[in-house]
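Work through the exercises below with the structure open beside you. Try each task before you read its solution.

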Amino acid sequence: MYEAVRVDADADGVETDAETVSRVAETAASYGFEGVVVRNHDGSRLEFDAQDLADEHGIDVVDGIEIRANDPHQASGSVGNYRPQYTILAIHGGTNALNRFAVETDKVDVLAHPMDGSGDVNHVLVKAAAANGVRLEFSFADVLRTTGGRRVRAVQSLRKLREIVDYYDAPYVVSGDPEGPLEVRAPRELCALGVELGFDREWIVDGLAEWGRLVARNRRIQSDSFIEPGVERGRYETKRRGSRGSIRREGE
C-alpha cells in the first residue's frame, strides 16, 4: 500500500527539501506503507533524490506532482510540461471544468479532490475516467481534520462518489492526504475510518494499493524498453546466437 502526500518546504531554511521529504518517508515506512508518492502542487515543487531516500528508509519514494490551474487551458499546458518529468501526475480538481478536463485526458493519472469547491462528479465524468484510465481520488483529509458541517459534507461527498465509481467500475485511489509527517495515518487507521464511513476494508486497501500499481505501470512506460502497449524492447533466448536487441511482445 502507498500513501500520497504533500510536503511543505521549510521556509526557515533549517531543513533541505530532501530532509523534509525524508521525515515523511521515515514516518510512512514505520507505519507499514510500502511506498509514498510526493505530489506537491506545481507551485511548491521540492528537490530531492527519490532513490537515495528509498535506499535510506526501505520504502519506495515516488516523484509526483499535483497541478493546480485556473482553467483547462492552463492545466493542459502544465500537463504537457510536467508529464515527462514525473512518475505520477495528478490534477487538483474542484470545478466542473477542471474535473472534465482531467478525466478526458489520458496523460493524467489521478483526478484529486474532485468534490472540492464547486466541483461535482456525474455519470458522464466517471464513464470518461474509466475509458481514459484516470483514477478518481477518495481523500479522507476533511474527514480526518475538520469538524461540523464541513466534515458532514465530506462524508456525504465520499459516499456519493463511491456509489457512482462502483456502478461504472471506474478506477480510483484512496489517500489520507497528509501534508506532513504528523498527518500521516497508518493503513489500518485509514481502513478503520473507511469502515466507519460504510466502505469495505478490502475496498480501502485496494485504493491504497492502486498508487503502487500506477507507479509500476508508469515506470515501465517511461523506461527505454517500452515501445507501445503490448510491445517492449528486450531479450529472449533462441537457438541462434547474438539475438540481443529483439522486440518482445507481452506474453512471449
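**Exercise 1. A charged pair**

Are D177 and R6 buried or exposed? Find how they pair and where they lie.

Solution. The model is predicted, so every value here is computed from it.

Step 1. Check the surroundings. D177 is buried, and R6 is buried too.

Step 2. Check the contact. D177 and R6 form a salt bridge, with 2.4 Å between the closest N and O atoms.

Step 3. Place the partners. D177 sits in the loop between strand 7 (172–175) and helix 8. R6 sits in the loop between strand 1 (2–5) and helix 1 (17–30). The two are 171 residues apart, and the pair links distant parts of the chain.

Step 4. Widen the view. A network of salt bridges links R6, R39, E66, E137, D177 and E179. The structure holds 18 salt bridges.

**Exercise 2. An aromatic pair**

How many aromatic pairs are there? Classify the pair of F138 and W203.

Solution.

Step 1. Take the count. There are 8 aromatic pairs.

Step 2. Read the geometry. The ring centres of F138 and W203 are 4.8 Å apart, and the planes stand at 90 degrees. Pairing needs centres within 6.5 Å, and an angle over 60 degrees counts as edge-to-face. The pair of F138 and W203 is therefore edge-to-face.

Step 3. Locate the rings. F138 belongs to strand 6 (residues 135–139), W203 to helix 9 (residues 201–222). These parts are 65 residues apart in sequence, so the pair ties them together.

Step 4. Test for burial. The cut-off for buried is under 20% relative accessible area. F138 has 0%, so it is buried. W203 has 10% relative accessibility, so W203 is buried as well.

**Exercise 3. A second pair and its cluster**

What kind of pair do F140 and F199 form? Which aromatic cluster includes them?

Solution.

Step 1. Use the geometry. F140 and F199 are 6.3 Å apart, centre to centre, with 70 degrees between the planes. Their pair is edge-to-face.

Step 2. Locate the partners. F140 is in the loop between strand 6 and helix 6 (141–145). F199 is in the loop between helix 8 (187–196) and helix 9. They are 59 residues apart, and their pair links distant parts of the chain.

Step 3. Check accessibility. F140 counts as buried at 0%. F199 counts as buried at 4%.

Step 4. Collect the rings. One aromatic cluster is formed by F138, F140, Y172, F199 and W203.

**Exercise 4. R162 and its partners**

Which ring does R162 lie over? Which residue forms a salt bridge with R162?

Solution.

Step 1. Find the ring. R162 lies over the face of W203, 4.5 Å from the ring centre.

Step 2. Find the acid. R162 forms a salt bridge with D200. The closest N and O atoms are 4.0 Å apart.

Step 3. Place both. R162 is in helix 7 (residues 148–167), and D200 is in the loop between helix 8 and helix 9. The pair links distant parts of the chain, 38 residues apart.

Step 4. Contrast the surroundings. R162 is buried at 14% relative accessibility. D200 is partly exposed at 44%.

**Exercise 5. A salt bridge with partly exposed partners**

How far apart, N to O, are D206 and R213 in their salt bridge?

Solution.

Step 1. Read the distance. The side chains of D206 and R213 meet at 2.9 Å, N to O.

Step 2. Read the accessibility. D206 is partly exposed, with a relative accessible area of 34%. R213 is partly exposed too, with 40%.

**Exercise 6. The largest pocket**

What volume does the largest pocket have? Which residues are closest to its centre?

Solution.

Step 1. State the volume. The largest pocket has about 540 Å³.

Step 2. Look at the lining. The largest pocket is lined by 23 residues. Closest to its centre are H113, D116, D142, R150 and A154.

Step 3. Trace the sources. Strand 6, helix 6 and helix 7 each supply at least two lining residues. Helix 7 gives the largest share, 6 residues.

Step 4. Sort by character. The lining has 6 nonpolar, 7 polar and 10 charged residues.

Notes. Residues numbered from 1 in each chain as written. Predicted model: local features only at pLDDT ≥ 70, side-chain atom pairs only at ≥ 80, totals over all residues. Heavy atoms only, no water. Phe/Tyr/Trp six-rings, centres within 6.5 Å; stacked < 30°, edge-to-face > 60°. Helix = DSSP H or I, 4+ residues; strand = E, 2+ residues; numbered from the N terminus. Buried < 20%, exposed > 50% of the residue type's maximum accessible area, 1.4 Å probe, protein only. Lys NZ or Arg CZ within 6 Å of the ring centre and 35° of its normal. 1 Å grid on protein atoms, 1.4 Å probe; cavity = no way out; pocket = protein on both sides within 12 Å on 5 of 7 lines; lining within 4 Å. Points joined across faces, edges and corners; volume = space filled by probe spheres on them. Nonpolar A, V, L, I, M, F, W, Y, C, P; charged D, E, K, R; others polar.
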